[in-house]
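Please read this briefing alongside the sequence and the coordinates. The chains are taken in turn, followed by their interface and a few individual residues.

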Amino acid sequence: MEKQGVRMDNNDIEKINNTAKTYTLTGNYVLLRADETRLLLPQTDVGQAEYLTHESQLLPLEGSEGVFYLENHTDHFFVALSAHLKPQHTPPQNHFIATYLANTDEELRWCWHEVKILHDLQLAAHPLPEVVLVENSPVTHYVELEGSLVYPCTAEKLLAFALKEVAV
Amino acid sequence: MTTNKTTIQSSASFNTQSPLPSSVNGEFAFMGEDLFEQHPSSSLTQKNTKGAVARLLEYEWRRYVAVAPHTALEVIENPSFSPIPAAAYYIAGMLHWQQRWLPVVNLRALVNGKADDDALLPLKYVLVLAYQAQAGEPINYGAVTLHGLPKSLLVVDEQACELPESIPVWQQVAVSCFTYEREAVPIIDTGLLFAQSHVNALPKVG
């Protein structure tokens, strides 16, 4: 679907952030859903997904609020985002898929309800109205996908926002 | 969830010669019957009365703002919103309306300067408003949450008053103010409300 605007691909996302123009989002992306929040990250920003079979045993990591680990497995740490894109302070419930995101420590995994790879996307990304935005928000545009709003962003901006006040 | 819509007016009765502002410069002059609830104390039927009609919006029990009638387009009952991640604290979500997605401003949260937990509960009404970011730009749309149905009110110059300084956001979005039931009622310019962020306009404490 080609709509009026500037045609761009994954590599150009940095250029469009913080602009107020509609652009065409193209390429391969990964849909990451946490509760009702749906993010769309370039596929190159998202590592392999793994199922959390012991999620009920996620324990809070002392000294790092919002970071959890699996009992008897301290090689990986887990974070789940709230609707405000900040780490949840309570162990994530039913976030049964964990992924690695680019630009974070190797041992850190991000928990989601749903992870879906979307190939060859071509969607119009519309700017969010000014009244919605907060400073340094990783989300500046939205796309409509299967009747729902999905928010494109990059791992770099997402993590800079989410981990701003978190000691990991 | 289904959405019930109450199609409303905007009458062309706004007096552009009035000192009260018009944020969309009269481009919205919908004809038709005014279906807004009319407040019993208003004098809309009186002739030879100088003033202007305003839409009175109750955003919290007995707390009001007003807008120009031609900006108020449609009341939606029992709306459903799509959440926006990392949005400003006063944003209730995005509303799907006439093949568009509109930002919904929770006026109570905006005035109180903090996220409104009650916003998580079902909201009874939202009002779709028209705005222009600047003169000459295309008409755009947004919505605000309401505690009750809007009312029509005739406002006369004698009711003019100062904007309350305790709520800084009024300095950003209001262009005038009048008294109603002994309370100051800011008149909101919808362009100023929707075309800028208000995250730094927090109320004064104490």
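In chain B of this predicted model, 50% of the 206 residues count as buried, where buried means under 20% relative accessible area, exposed means over 50% and partly exposed lies in between, with a 1.4 Å probe and protein chains only. Chain A has 168 residues, of which 48% count as buried. Because the model is predicted, local features need pLDDT of at least 70 and side-chain atom pairs count only at pLDDT 80 or more, whereas totals for chains, interfaces and linings use all residues; side-chain values use heavy atoms, with hydrogens and water left out. Residues are numbered from 1 along each chain as its sequence is written, and chains are lettered from A and ligands numbered from 1 in the order in which they are written.

**Chain B**

- Chain B contains 3 helices and 12 strands, these being DSSP runs numbered from the N terminus, with H or I over at least four residues for a helix and E over at least two for a strand.
- Of the contacts in chain B with a separation of 6 or more, 64% are accounted for by residues 24 or more positions apart, a contact being heavy atoms within 4.5 Å.
- About 10000 Å² of chain B is exposed, and carbon and sulfur atoms supply 48% of that area, as computed by the Shrake-Rupley method with a 1.4 Å probe, for which only the protein chains shown count as cover in the case of residues.

**Chain A**

- Chain A has 2 helices and 12 strands, and their order along the sequence is β-α-β-β-β-β-β-β-β-β-β-β-β-α.
- When contacts in chain A between residues at least 6 apart in sequence are considered, 55% of them join residues at least 24 apart.
- The accessible surface of chain A is about 8600 Å², and 46% of it belongs to carbon and sulfur atoms.

**The interface between the chains**

- Chain A and chain B bury about 1600 Å² between them, with 67% of this area on carbon and sulfur atoms; buried area is the accessible area (1.4 Å probe) that two parts lose on being put together, summed over both.
- V131(A), V132(A) and L149(A) supply 36% of the area that chain A buries against chain B, which is more than any other three residues.
- The contact draws on 22 residues from chain A and 21 residues from chain B.
- The rule finds 0 salt bridges across this interface, a salt bridge being a side-chain nitrogen of Lys or Arg within 4 Å of a carboxyl oxygen of Asp or Glu.
- Across the same interface of chain A and chain B there are 6 residue pairs in polar contact, both residues being at pLDDT 80 or more; a polar contact is a pair of N or O atoms within 3.5 Å, and within protein one must be able to donate a hydrogen and the other to accept it, while residues adjacent in sequence count only if both atoms are side-chain atoms.
- On the side of chain A that touches chain B, β3 (37–42), β11 (141–145) and β12 (148–152) each supply at least two residues.
- The residues on that side of chain A divide into 15 nonpolar, 4 polar and 3 charged, with Ala, Val, Leu, Ile, Met, Phe, Trp, Tyr, Cys and Pro counted as nonpolar, Asp, Glu, Lys and Arg as charged, and the others, Gly among them, as polar.

**Salt bridges**

- A search of the whole structure finds 5 salt bridges over all chains.
- One of them joins E114(A) and R33(A), whose closest N and O atoms are 2.8 Å apart.
- E114(A) lies in strand β10 (residues 114–127) of chain A and R33(A) in strand β2 (residues 23–34), so the pair ties together parts that are 81 residues apart in sequence.
- E114(A) is partly exposed, at a relative accessible area of 26%.
- E50(A) forms a salt bridge with R109(A), the closest N and O atoms being separated by 3.1 Å.
- This pair links distant parts of the chain, with E50(A) in strand β4 (residues 46–51) and R109(A) in strand β9 of chain A, 59 residues apart.
- E50(A) counts as partly exposed at 31% relative accessibility, whereas R109(A), at 11%, counts as buried.
- In chain B, E60(B) forms a salt bridge with R63(B), with 3.1 Å between the closest N and O atoms, and R63(B) counts as partly exposed at 29% relative accessibility.

**Two loop residues of chain A**

- S137(A) is placed in the loop between β10 and β11 of chain A and counts as buried, at 8% relative accessibility.
- The side chain of S137(A) reaches the backbone oxygen of V139(A) at 3.0 Å, and, not counting residues up to four places away in sequence, S137(A) touches F161(A) and A86(B).
- E106(A) lies in the loop between β8 (97–101) and β9 (108–112) of chain A and counts as exposed at 56% relative accessibility.
- The C-alpha atoms of E106(A) and F77(A) are separated by 9.5 Å, while the two residues are 29 residues apart along the chain.
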